[in-house]
Amino acid sequence: MKVPDYALLLSGLLLAPVDASTCQTPIDHPGEPFSYVQPLNTTILSPYGHYPAGLPSPKTKGKGGWENALARAKNWTAQLTLEEKSWVATGQPGPCVGNVLPIPRLNFSGLCLQNGPQCLEQGDYSSVFVSSVSAAASWDRDLLYKRGYALATEHKAKGSHVILGPIGGPLGRSPYDGRTWEGFATDPYLTGICMEETILGMQDAGVQANAKHFIAYEQETQRNPTYAPDANATTYIQDSVSSNLDDRTLHEIYMWPFANAARARVASMMCSYNRVNGSHACQNSYLLNHLLKTELGFQGYVMSDWGATHSGVASIESGMDMTMPGGFTLYGELWTEGSFWGKNLTEAVNNGTVPIARLDDMIVRIMTPYFWLGQDTHYPSVDSSVGPLNVDSPPDTWLYPWKFTGSSNRDVRGNHSQMIRAHGAASTVLLKNERNALPLRKPRNIVIVGNDAGPVLQGASNPDEFEYGVLANSGGSGACRFSFLSTPLDAITSRARKDGAIVQHWLNNTQITGNSMPSLWNPEQPDVCLVFLKAWASEGSDRQYLELDWNGNAVVEAVVKYCGNTVVITHSAGANVLPFADHPNVTAILAAHYPGEEAGNAIADVLYGDVNPSAKLPYVIAYNESDYNAPLTTAVQTNGTYDWQSWFDEELEVGYRYFDAHDIPVRYEFGFGLSYTTFNLTNLTATTPVATNLTALPEHRPVQPGGNPTLWDTVYTLTAEVRNTGTVDGYAIPQLYVGYPDSAPAGTPPSQLRGFDKVWLAKGQTKQVTFELMRRDVSYWDVVAQDWRIPTGGFTFKAGFSSRDFRANVTAALLR
Ligand code: NOJ
């Protein structure tokens with residue numbers, strides 16, 4: 001086999017030498033570089049080349065303040081038998097979605113791992129918080145921290161040691177991805193901040209966070225291999241999709257938020273289902289050992305996604321530390337007993353294939369965050385009520401005799417509802433507001449329309465059943481069990497009664513679009529029609545379209561024929577095309593995303609002006625579906641084992657970066673959102689002079705969690721004056737975008753978010769905001785130097801209120 005020149009391959013400068021005579025099947029075993037080879041019947045070459053092996057797997061040193069916990073974890077590990085070590089690294093069926101067996105002789109009651117990002121998935125008497133896309137739309141660091149903290153207190157009270165979240169990917173390369181709502185923003189910088197704040201909140205509450213899914217996991221379609229229906233279900237018909245991307249894109253887009261997660265000292269990371277450049281993400285030594293554990297200095301443990309483990313020794317050597325769900329494994333859609341690890345791991349150590357030192361490091365990595373967070377003392381036991389709610393390993397699959405102590409059906413909600421209501425309002429983006437439609441001023445005749453306005457009538461387990469009811473969360477492992485759900489219909493009706501208003505409602509979309517609208521309002525033209533529409537998206541499949549569900553566009557068309565003041569509210573996973581947005585009778589539009597259990601009260605607070613909206617879009621709303629780039633790979637024409645490929649050829653042109661690079665008009669841009677007041681931004685000024693000794697490449701200080709600490713040093717600070725120029729008080733969200741100098745390599749996006757703040761301003765008030773730029777913020781990933789480089793020449797720093805609304809610029813070179 002021809003050995004490639006790795007530096008060149010990494011730089012993307014060398015094409016993989018591919019022709020029919022050199023065709024190889026992908027090799028995942030560490031030590032043997034993987035060569036992506038197209039199927040024989042295609043002629044496309046891989047521009048992304050090979051990954052060199054990243055071996056051996058580095059040991060954790062407990063850097064970043066974990067040193068004492070590390071010492072305790074080492075002592076603890078030293079007391080384990082080999083079998084015990086194998087089983088700490090291998091999950092078992094049990095009450096939680098992931099379980100590590102107890103070791104009673106050491107007083108260790110095991111580890112309970114639970115989903116997910118919006119709630120405790122398997123939780124009765126627990127809260128449903130705002131979804132992650134909602135939280136991102138708030139652009140509010142404090143909200144993100146408090147949400148993470150409160151969610152974790154509920155998990156802890158139910159006995160979870162690890163929350164399977166937050167989500168740094170999917171990032172939303174394509175708006176069709178089914179899980180964008182479980183993650184934050186289609187922007188690495190904003191997602192990075194969201195990751196960091198959420199992790200800090202969760203871990204301050206004493207629960208381990210899990211940053212998932214590492215990495216380039218950007219579609220649900222073929223995320224797992226298709227297996228032959230044979231007895232042990234291990235033969236692939238076709239392997240999982242491969243996300244094929246270059247080194248610069250990997251660093252500047254997809255790895256970026258995981259660097260923030262490592263910096264926040266996240267306890268664990270989850271490797272993803274997809275392959276990356278041909279090699280499974282959970283057995284790719286370059287990704288896990290080199291990038292994650294070495295370059296980003298990640299000190300915790302890597303766990304597999306459920307069923308993403310495809311090998312024993314290879315995944316262990318490649319840096320995976322824990323396999324989930326372990327003893328009972330998901331192959332495609334099938335659950336099968338047995339594991340690549342477990343007993344096989346014991347045997348691999350006994351026969352010398354896996355060094356015991358590697359297994360010891362795996363256990364030390366798993367247990368260090370446990371001791372660091374004090375989970376060994378007075379930690380609540382697992383609530384027995386979570387077990388029967390476990391769809392992944394229901395009680396009849398449990399092999400171990402799990403025992404439960406402590407009370408059952410614990411109510412862990414506290415007073416979180418109040419906070420969730422405020423967060424829901426703070427996450428609602430006002431997209432259009434004309435003729436002073438909002439806030440409502442004591443309307444006396446209100447019509448509520450749409451099947452998203454009322455109570456859930458048929459359960460919420462899949463979109464076909466979910467015709468009636470407000471969509472405040474969605475499906476998959478991020479699904480939640482509501483202990484109650486405030487509906488728009490209830491909240492607006494009770495609010496309207498205080499004003500002595502009439503509220504009529506019409507919730508059947510089929511009937512509404514069937515032309516029977518005029519009979520709806522009586523006796524006169526309503527003051528306002530509030531139309532509630534929704535869009536479902538869920539793990540396991542991608543979105544088929546970006547229109548609103550249940551004929552949403554036709555519902556609006558039916559209403560606007562008769563109602564001159566129509567306000568449309570969407571509960572949706574993310575981007576929707578809104579063809580009705582220009583209709584003169586559509587006076588206002590709000591994107592409320594998935595706001596959790598207080599959906600109704602939160603939207604009423606915004607509609608009635610108790611809360612002045614301040615949220616901003618964390619993605620782009622285009623005019624047409626066809627305007628979006630980066631289509632998912634939804635089918636392959638051939639049946640070769642490795643034929644599922646997703647080419648990230650758009651490189652850095654993800655989300656708004658693409659629309660900006662090609663001057664494509666958009667309906668609502670990234671960072672956009674209205675308020676009931678108006679703001680201005682002036683006097684953008686650099687307050688720190690450029691350091692005379694700033695070097696293009698960073699000084700190499702010892703790596704800490706998050707990577708080279710020099711990357712996180714502030715190198716340039718700007719301030720601006722923000723003024724509330726309107727008539728009511730409210731929050732402004734000033735944003736800073738950076739345009740790189742021409743010397744940056746081709747493909748550098750015209751504008752990239754690198755700073756934002758959320759400031760309260762009374763009407764007429766002015767405040768100063770500060771944007772601190774770190775070295776990483778003004779660097780690009782130099783694929784040849786394999787380092788972050790500040791380019792020479794003038795940067796343009798653009799401050800304003802969205803990615804297309806800049807109010808002030810500063811141009812400056814950072815290198816002398
Ligand atoms: C698969 C999902 O991708 C992951 O996010 C989740 O945590 C696990 N299943 C466990 O349910």
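Trainee: What volume does the second largest pocket have?

Mentor: About 590 Å³, where volume is the space filled by probe spheres set on grid points joined across faces, edges and corners. This is a predicted model, in which local features need pLDDT of at least 70, side-chain atom pairs count only at pLDDT 80 or more, and totals for chains, interfaces and linings use all residues. Residues are numbered from 1 along each chain as its sequence is written, and side-chain values use heavy atoms, with hydrogens and water left out.

Trainee: What makes a residue part of the lining of the second largest pocket?

Mentor: A lining residue has an atom within 4 Å of a point of the pocket, an open set on a 1 Å grid over the protein atoms alone, where a 1.4 Å probe fits, with protein on both sides within 12 Å along at least five of seven lines. Here 31 residues line the second largest pocket, and Pro102, Asn107, Phe108, Ser109 and Gly110 lie nearest its centre.

Trainee: Why is Trp76 called a member of a nonpolar core?

Mentor: Such a core is a set of buried Ala, Val, Leu, Ile, Met, Phe, Trp, Tyr and Cys residues joined through side-chain atoms within 4.5 Å; buried means under 20% relative accessible area (1.4 Å probe, protein chains only). Trp76 belongs to the largest one, of 164 residues, where Trp76, Met303 and Leu431 touch the most other members. Helix H12 (residues 356-372; a DSSP run of H or I, at least four residues) gives the most to this core, with 8 residues.

Trainee: Which other core lies apart from it?

Mentor: One of 32 residues, including Phe679 and Phe795.

How values were computed
Buried means under 20% relative accessible area, exposed over 50%, partly exposed in between (1.4 Å probe, protein chains only). Helices (H or I, at least four residues) and strands (E, at least two) are DSSP runs, numbered from the N terminus.
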